[in-house]
Amino acid sequence: MNPVDLARPELRALQPYSSARMEARGGAILLNANESPWPPFAGREAWNRYPDPQPAALVARLAALYGVDDDQVLIGRGSDEGIDLLVRAFCAAGRDAILISPPTFGMYAVCARIQGAAVVEAPLRADFTLDVDAVLAAVAPSIKLVFVCAPNNPSGAGVPRAAILRLAEALADRALLVVDEAYVEFVDPAGECGSVADRIGDFGNLVVLRTLSKAWALAGVRLGALLADARVIALLRKLMPPYPLPTPCVEAALRALSEDAAGKVRERIGVIHRERARLRKALESLGCVRAVLPSQANFLTVRFGNAGKAYAALLDAGVVVRDVRRYSMLGDALRITLGAPAENDRVLEVLGGVPGASSERLAVAPAEQSA
Ligand SMILES: Cc1ncc(COP(=O)(O)O)c(C=O)c1O
């Protein structure tokens, strides 16, 4: 089945806006886009020109990085844009729905509600693992997109590749499976939770979201990639604004994605792995901490005897963490991003001063402790 058959019929037929930069490339004298003929007074030569909608050099670099073909890449302003485009393309207001497994990243439901699409929930299991059977049992004809966050934010658990591929197969011809791999660079390389981007050619309904905001340290540049069947990419391009990617951001990304930088990024991921294990162990020994959830991401989600007190103590010390108590199953938890080692030391120092009875600590299964 063509995955685009699942999209809103009116969009499949839509004649998209055709921008000047799309209609004609090259040429020495550019008089087709009502731009200034002069460069800006400060900044770079090319900035007076509208950017390439999907700059070929960056598309090729990201395709190589993620192991897919160039026509399977759509670059957007962070993976947030990919989520929004998918919901707008595949969910008709008042008719279609998405499926999520809470507690999970909030943008899926927010984008759906803005679009007027329903949100169906198949919650994570009590140990925060994905319940594939519950997801499949909840899938109805109205559900066009199934979101899986792997590793999951805000709990941190990885999702085994086998579980994701089982879902992709079971959902073929029924729904797109959108795997949000924002944190996948941080998974244990010896484990079973790596990226499924290499299987896009096998499953027309598989979409993978990647971002440069986390491991690549480019959150401020706002660049992410949506990887999917070329027909899905072509459909989503119709919905995108004509010039989504600012030239300075594309230039910055190309510089930051050099081979040289890739080696350094790997080293930093190694530091995050070490800090994740160190901080987890140290937090578990604190009286105010009830449990630390197993994490495959660059954060730890921590259950406290009194999360409000812990949050306030950290804030008083100038340390801002994420209060995730509003999420289901996480009513006593804070999410702490792994910082530089000295920043993590400070977290431990402050939390070491927060009172708490060690009897409040939750039992954590040995298997979880080693994750
Ligand atoms: C799971 C998940 N997906 C997507 C995003 C959005 O990332 P981006 O900066 O690429 O828009 C985030 C941001 O924190 C996230 O946690």
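The following conversation goes through a predicted model, taking its ligand site, its two sheets and some backbone features in turn.

Mentor: This is a predicted model, in which local features need pLDDT of at least 70 and side-chain atom pairs count only at pLDDT 80 or more, while totals for chains, interfaces and linings use all residues. Residues are numbered from 1 along each chain as its sequence is written, and side-chain values use heavy atoms, with hydrogens and water left out.

Trainee: Which residues come nearest to the ligand, among the 13 around it?

Mentor: A residue is near a molecule when one of its heavy atoms lies within 4 Å of it; of the 13 residues around the ligand, the nearest are S79, D180, Y183, T211 and S213. Helix 4 (residues 78-90) gives the most to this shell, with three residues, helices being DSSP runs of H or I with at least four residues and strands being runs of E with at least two, numbered from the N terminus.

Trainee: What makes the pair formed by the ligand and the side chain of S213 a polar contact?

Mentor: A polar contact is a pair of N or O atoms within 3.5 Å, and an oxygen atom of the ligand is 2.7 Å from an N or O atom in the side chain of S213. The side chain of R222 likewise has an N or O atom 2.7 Å from a ligand oxygen, and for S79 a polar backbone atom is 2.6 Å from an oxygen of the ligand. The protein covers 90% of the 400 Å² of accessible area that the ligand has on its own, by the Shrake-Rupley method with a 1.4 Å probe.

Trainee: Why is one side of strand 1 and of strand 3 left without a neighbour in the sheet?

Mentor: Two strands pair if DSSP finds at least two bridges between them, and the open sheet of seven strands has the order 1-7-6-5-4-2-3, with mixed pairing. Strand 1 (73-76) and strand 3 (118-121) stand at its edges with a single partner strand each, so one side of each has no neighbour in the sheet. Neighbouring strands of this sheet are turned by 25° against each other on average, direction ignored.

Trainee: How do you know that strand 5 and strand 6 pair?

Mentor: Four bridges join strand 5 (residues 176-180) to strand 6 (residues 206-211), and at least two are required, so the two strands pair; they run parallel. In strand 6, V207 is the bridge partner of V178.

Trainee: What makes helix 3 a helix that packs on the sheet?

Mentor: Contact means heavy atoms within 4.5 Å, and helix 3 (residues 56-66) touches strand 1, strand 6 and strand 7 (224-227), its direction making about 115° with that of strand 1. Axes are lines fitted to C-alpha atoms, for helices over the stretch in contact, and angles run from 0 to 180 degrees between N-to-C directions.

Trainee: Why are strand 8 and strand 10 called edge strands?

Mentor: The open sheet of four strands has the order 8-9-11-10, with antiparallel pairing, and strand 8 (289-292) and strand 10 (322-323) each pair on one side only. Five bridges join strand 9 (residues 299-304) to strand 11 (residues 333-337), where R335 is the bridge partner of T301.

Trainee: Where are the cis peptide bonds that involve P151 and P154?

Mentor: One joins A150 and P151, with omega about -5°, and another joins N153 and P154, with omega about 15°. P151 is found in the loop between strand 4 and helix 7 (161-171), and P154 has its place in the loop between strand 4 and helix 7.

Key. A polar contact is a pair of N or O atoms within 3.5 Å; within protein, one must be able to donate a hydrogen and the other to accept it, and residues adjacent in sequence count only if both atoms are side-chain atoms.
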